[in-house]
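Student: I would like to learn how to read the features of a model like this one. Where should we begin?

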Amino acid sequence: MKQVDVIVLGLGGMGASALASLAGRGVDVLGIDQEPAPHDRGSSHGGSRIIRRAYFEHPDYVPLLNESFEGWERLEQSSGLPLLHRTGVLLVGPSSSSILGASRASAEDHGVPVEWLDPDRMRDRFPQFSPASEWSGLFEPGGGILNPEAGVRAHLDVARRAGASIRRPEKVVSIDGDDDFAVVRTGREEIRTRRLIIAAGAWTASLLGDHCEVPLIPHRKAMIWFEAADSEACSSNRMPAWLIDDGDPAGNYYGVPTWPGQPSPGGVKVGYHGFGTVVDPDDPGEITPDVVERFAADLATRMPGVLGRPLAARSCLYTMSPDQDFVIDHLPGRRSMVVVAGFSGHGYKFAPVVGEIAADLAIDGTTPRPAGFLGLARFEAGAKP
Ligand SMILES: Cc1cc2nc3c(=O)[nH]c(=O)nc-3n(C[C@H](O)[C@H](O)[C@H](O)COP(=O)(O)OP(=O)(O)OC[C@H]3O[C@@H](n4cnc5c(N)ncnc54)[C@H](O)[C@@H]3O)c2cc1C
């Protein structure tokens, strides 16, 4: 049976980063993906991802984000590719918005530079978001937009140059392991490995089966690109990346402006952060015209006159954890296996630091990085909420 020191299963945003980190540490590492090349059937495509540090989801993410920003900058230097476009990030909503409040608190706790914009200043500075309302804003000038396809390719290039092996397309059909070794079965052969990093995105639950009781559920989400009705108001000179909290408990519209070097199809890209439609990742289905119409109608009331006709609609997968925080840990009773999954629609910006944590856990058995809050122990009976 073939043997390698570490296998990374899945080479999307997280697996590509873990592969680069391990190869950079001189580890004998093999990456496997079921697709022939970086692709648009998982979670790491669509031309843009928002990156910000003022983090309403949980303030403990901020130190990880500080390391991620450094990681993206290093990756830009080593790959020579532009990956991070600093447009700033604007959170918009009533001054009572819990998202604005929690983001402001995490920024204050961790010294992240942000500006609070009261409704008058919002109207002056960002008139795109002022439908005769009393919306305030929290502006983070250091935030921006990442190009996920370029990021995956850059991590894979760095990994290859550092000596990583890659096998694709090759589907892993089953995995097993104990505390010492894991076995990966593909359509071609069985491979024994000392450590297995499972970074299989929306396919993670089907691969883990009974090895993990925490549900990690794939949801289909829409990405819709709209023509810029006013090209200047929609360009990154005037429009940051944004998220609107108008009090709807189901979720929030967010978007990114047009920017120089933006991939096709151009225009303003809009999404809706919240639960989607639960799907089989092998058959996720299409975005239907009624979804596009709903986006257009909702955005016409929130950003009147700013967006033009829809240009394209594509799907992408969220993998939702029960509390929408990531799952990064060894599998209990099977310490040869490390899972990095459940990114719940906000993980891409963390790819550099997630790769380092996965490599720490695989090689050293523990990580010095403050990621304990993302471990599986939080789901155990009696764990603190
Ligand atoms: C519409 C949308 C908008 C988002 N916006 C943001 C944002 O603004 N900011 C942000 O930070 N995050 C955002 N995210 C979340 C972020 O993109 C994801 O958290 C991240 O891309 C997840 O990466 P991954 O490596 O876990 O999954 P993936 O990139 O899907 O990688 C998993 C890989 O595993 C492979 N694989 C699976 N099963 C097997 C198998 N059996 N054998 C071999 N290979 C296998 C797949 O082929 C795939 O390549 C968004 C996500 C979506 C869908």
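Tutor: We will go through the cavities, a small sheet, a covered strand and the nonpolar core. Keep in mind that this is a predicted model.

Student: Let us start with cavities. How many cavities of 30 Å³ or more are there?

Tutor: Rolling a probe the size of a water molecule over the atoms shows where empty space is left. Here the count comes to two cavities of 30 Å³ or more. The largest cavity holds about 50 Å³ of space, and the second largest holds about 30 Å³.

Student: Which residues line the largest cavity?

Tutor: Its lining consists of G46, G47, S48, W225, W259, Q262, P263, S264, P265, G266 and K269. By class, the lining of the largest cavity has four nonpolar residues, six polar and one charged.

Student: And what lines the second largest cavity?

Tutor: The residues are R52, A54, V89, L91, L138 and E140. Two strands, β5 (89-93) and β7 (136-140), each supply at least two residues of this lining. Four of the lining residues are nonpolar, none is polar and two are charged.

Student: Now the small sheet. What is the strand order in the open sheet of three strands?

Tutor: To read a sheet, take the strand order, then the pairing sense, then the edges. The order here is β3-β8-β4, and the pairing is antiparallel. At the edges stand β3 (49-51) and β4 (84-85); each has a single partner strand, so one side of each is left without a neighbour in the sheet.

Student: How many bridges join β3 and β8?

Tutor: Three bridges pair β3 with strand β8 (residues 144-146), in the antiparallel sense. One register point to look up is R49, whose bridge partner in β8 is L146.

Student: Next, strand β16. Is it mostly covered or exposed?

Tutor: For a strand, check burial along its length and then on each face. Strand β16 (residues 268-274) is mostly covered, with seven of its seven residues buried. V268, V270, Y272 and G274 point one way, K269, G271 and H273 point the other way, and all are buried.

Student: Which residue in β16 does F226 stand opposite, and how many bridges join β13 to β16?

Tutor: F226 stands opposite V268 in β16. Strand β13 (residues 217-228) and β16 run antiparallel and are joined by four bridges. β16 also pairs with strand β15 (residues 251-256), again in the antiparallel sense, over six bridges. There, Y253 has Y272 as its bridge partner in β16.

Student: That leaves the core. Which residues of the largest nonpolar core touch the most other members?

Tutor: The core has 53 residues, of which V29, I197, I328, V340 and F350 touch the most other members. Elements giving two or more residues to this core are β1 (2-9), α1 (13-24), α2 (61-79), α5 (148-161), β20 (334-341) and α8 (351-364). The element that gives the most is α8, with eight residues.

Student: Why does the core lie between domain 1 and domain 2?

Tutor: Both domain 1 (2-45 + 149-216 + 323-379) and domain 2 (71-146 + 217-320) give residues to the core, so it lies between them.

Student: Take one residue of helix α8, A362. Is A362 buried or exposed?

Tutor: Burial is read from relative accessibility, with buried meaning under 20%. A362 is at 2% relative accessibility, so A362 counts as buried. Sequence separation and distance in space can also be read together: A362 and L299 are 63 residues apart in sequence and 45 Å apart in space, C-alpha to C-alpha.

How values were computed
Residues are numbered from 1 along each chain as its sequence is written. This is a predicted model: local features need pLDDT of at least 70, side-chain atom pairs count only at pLDDT 80 or more; totals for chains, interfaces and linings use all residues. Side-chain values use heavy atoms; hydrogens and water are left out. On a 1 Å grid over the protein atoms alone, a cavity is a set of points where a 1.4 Å probe fits but cannot get out, and a pocket is an open set with protein on both sides within 12 Å along at least five of seven lines; lining residues have an atom within 4 Å of a point. Grid points are joined across faces, edges and corners, and a volume is the space filled by probe spheres set on the points. Ala, Val, Leu, Ile, Met, Phe, Trp, Tyr, Cys and Pro count as nonpolar, Asp, Glu, Lys and Arg as charged, and the others, Gly among them, as polar. Two strands pair if DSSP finds at least two bridges between them. A nonpolar core is a set of buried Ala, Val, Leu, Ile, Met, Phe, Trp, Tyr and Cys residues joined through side-chain atoms within 4.5 Å. Buried means under 20% relative accessible area, exposed over 50%, partly exposed in between (1.4 Å probe, protein chains only). Domain bounds come from an automatic or database domain assignment.
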